[in-house]
Amino acid sequence: MLFQSPSIHLLNFTKCRVGVWIQFTASISSLKVAWRKDPKLDQAIENDKQWRCCARVIKEVLNEPGQVIPLRYLEKRRERLRLLISIKSFLSRNPGLLDTYFDRIKPKSEPVKFLRASNGLRRFLEEERRIIHENEPLIVAKLCKLLMISKDKVISADKLVHVKREFGLPNDFLVNLVPKYPEYFRLSGSPGEGQSFLELVSWNPEFAKSVIERRAEEEARATGIRIRPSFNVKLPPGFYLTKEMREWIRDWMELDYISPYVDVSHLDQASPEMEKRTVGVFHELLSLSLFKRVPVPILGKFTEEYRFSNAFSSVFTRHSGIFYLSLKGGIKTAMLREAYKDDELIDRDPLVEIKDRFLELLAAGHRERAEQLKSQKEAVQEGLEMMARAEKLRSQKEAVQKGMEMIARAEPLRSQKEAIQRDMEMIAMRMDELDGPDFGEKF
């Protein structure tokens, strides 16, 4: 029929929508995307392995009373620090981080080696404090955003302490930062006892814009055309998608972007809209992180606060054009693809400058060690050359000595030869006398 009543048409449209919705939601759980290794993004994690190991050791020393520790005590903690070499080898390979000195553990005990921060490390710590102070507004915005995304605008303080490294929060943010901003934060309970919570006091609309929304606004201002907020999808080279998966992604991309800061309590957990919102939350969380990557177990701590499903990690493989799930080091790590070019982080957080300064400190120590090794090599080479020259002189001396001995042995022979020569001459003279004219006249 060409013409239908509005009610019938609406009923058919509703049935159509319900049918698509049922098919869509069913496909979310049934679709399986094969995980594919991305060596370049794995290398990005590997590149940070050395400095993170150094940072763990330094943190262990700085957390000690007086920021000093006996070397042998630190040696016993190697396994916990995931340090594969001895502390002495670590100090040799990374000079300029820690100084050694002798002191007593107890008043009457024998002096033993202690470790403390070097002057270079103390200067770095001053730089770190300066960078954190300069970026305090950014840190406050991050903390507000983490609370604004949560379901009840409140998060366990202990959980936030656990993820402070991933998001660049200062070690003392609960003690020194939070009390400075009572208009944003309220801390209840005692941190460290498991019953402490950080609550959002007021909602700042300026913070309630995701990276995706800000990017769309910037593009709109630059082009003069209204841009629809959307994800950047970049599949890795050689990644294959089935026809079913391509169709699913196409339909999913057509759904409206749902900001992680809007209330979604009315959405069904299994709805495609909730899937869209979940991807948006992960995108925003990774964007707020320092290195645009967060270990999956850490994200899992916020399942309740951010309304994640129990199988939330499958989102990262299902949306492989947006995320990458690295298995490097035996730990699942969610990474934001658009933040990297090959193995280099291009979407740099201002707080990454702290890492840059730490790498400079390490590089200075490595240059110092290289100079020491070069000096040692030159000293060894010089020693070998001196030994070679000494050996040559010794050989020459031996040759001279042999020559002198030969001369000494030849001297008696020369004397004998001269004596024989004189005797021969005398005999010759005697013979001449016998052969003379007087000899014949006598006979």
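Is lysine 292 buried or exposed? Lysine 292 is buried in this predicted model, at a relative accessible area of 3%. The legends below cover this residue and several other sites.

**View 1. Lysine 292 in the loop between α14 and β7 (293-295).** The phi angle of lysine 292 is near 55°, a positive value in a residue other than glycine. Most residues other than glycine have a negative phi. With 3% relative accessible area, under the 20% cut-off, lysine 292 counts as buried.

**View 2. Aspartate 342 in the loop between β10 (340-341) and β11 (344-345).** Aspartate 342 also has a positive phi without being glycine; the value is near 60°. Its relative accessible area is 42%, and aspartate 342 is therefore classed as partly exposed.

**View 3. Packing of helix α12 (residues 211-223) on helix α14 (residues 272-288).** The two helix axes lie 9 Å apart and make an angle of about 85°. Helices α12 and α14 are therefore roughly perpendicular to each other. From α12, Val211, Ile212 and Arg215 take part in the contact, and they meet His283, Glu284 and Ser287 of α14. By residue class, this contact between α12 and α14 consists of two nonpolar, two polar and two charged residues.

**View 4. Surroundings of leucine 285 in helix α14.** Leucine 285 has a relative accessibility of 2% and so counts as buried. Leaving aside residues up to four places away in sequence, leucine 285 touches Leu146, Ile149, Phe167, Leu299, Tyr306 and Phe308. Two of these names, Leu146 and Ile149, also appear among the buried residues of α8. Lysine 145 is separated from leucine 285 by 140 residues in sequence, yet the C-alpha atoms of the pair are 9.0 Å apart.

**View 5. Helix α8 (residues 136-149) and its burial.** Helix α8 has 14 residues, which at 1.5 Å a residue should span 20 Å; the C-alpha atoms at its ends are 20 Å apart, in agreement. Twelve of the 14 residues are buried, so α8 is largely enclosed by the rest of the structure. The buried set includes Glu136, Lys142 and Lys145 as well as Ile139, Val140 and Leu143. Cysteine 144 is another buried residue of α8, with a relative accessibility of 0%.

**View 6. Cysteine 53 and the cysteine sulfur nearest to it, that of cysteine 54.** The count of disulfides in the model is zero. Cysteine 53 is in no disulfide, and the sulfur of cysteine 54 is 5.7 Å away, whereas a disulfide requires sulfur atoms within 2.5 Å. Cysteine 53 is buried, with a relative accessible area of 14%.

Conventions. Residues are numbered from 1 along each chain as its sequence is written. This is a predicted model: local features need pLDDT of at least 70, side-chain atom pairs count only at pLDDT 80 or more; totals for chains, interfaces and linings use all residues. Side-chain values use heavy atoms; hydrogens and water are left out. Axes are lines fitted to C-alpha atoms, for helices over the stretch in contact, and angles run from 0 to 180 degrees between N-to-C directions. Helices (H or I, at least four residues) and strands (E, at least two) are DSSP runs, numbered from the N terminus. Angles under 35 degrees count as roughly parallel, over 145 as roughly antiparallel, 65 to 115 as roughly perpendicular and the rest as oblique. Contact means heavy atoms within 4.5 Å. Ala, Val, Leu, Ile, Met, Phe, Trp, Tyr, Cys and Pro count as nonpolar, Asp, Glu, Lys and Arg as charged, and the others, Gly among them, as polar. Buried means under 20% relative accessible area, exposed over 50%, partly exposed in between (1.4 Å probe, protein chains only). The expected span of a helix is 1.5 Å times one less than its number of residues.
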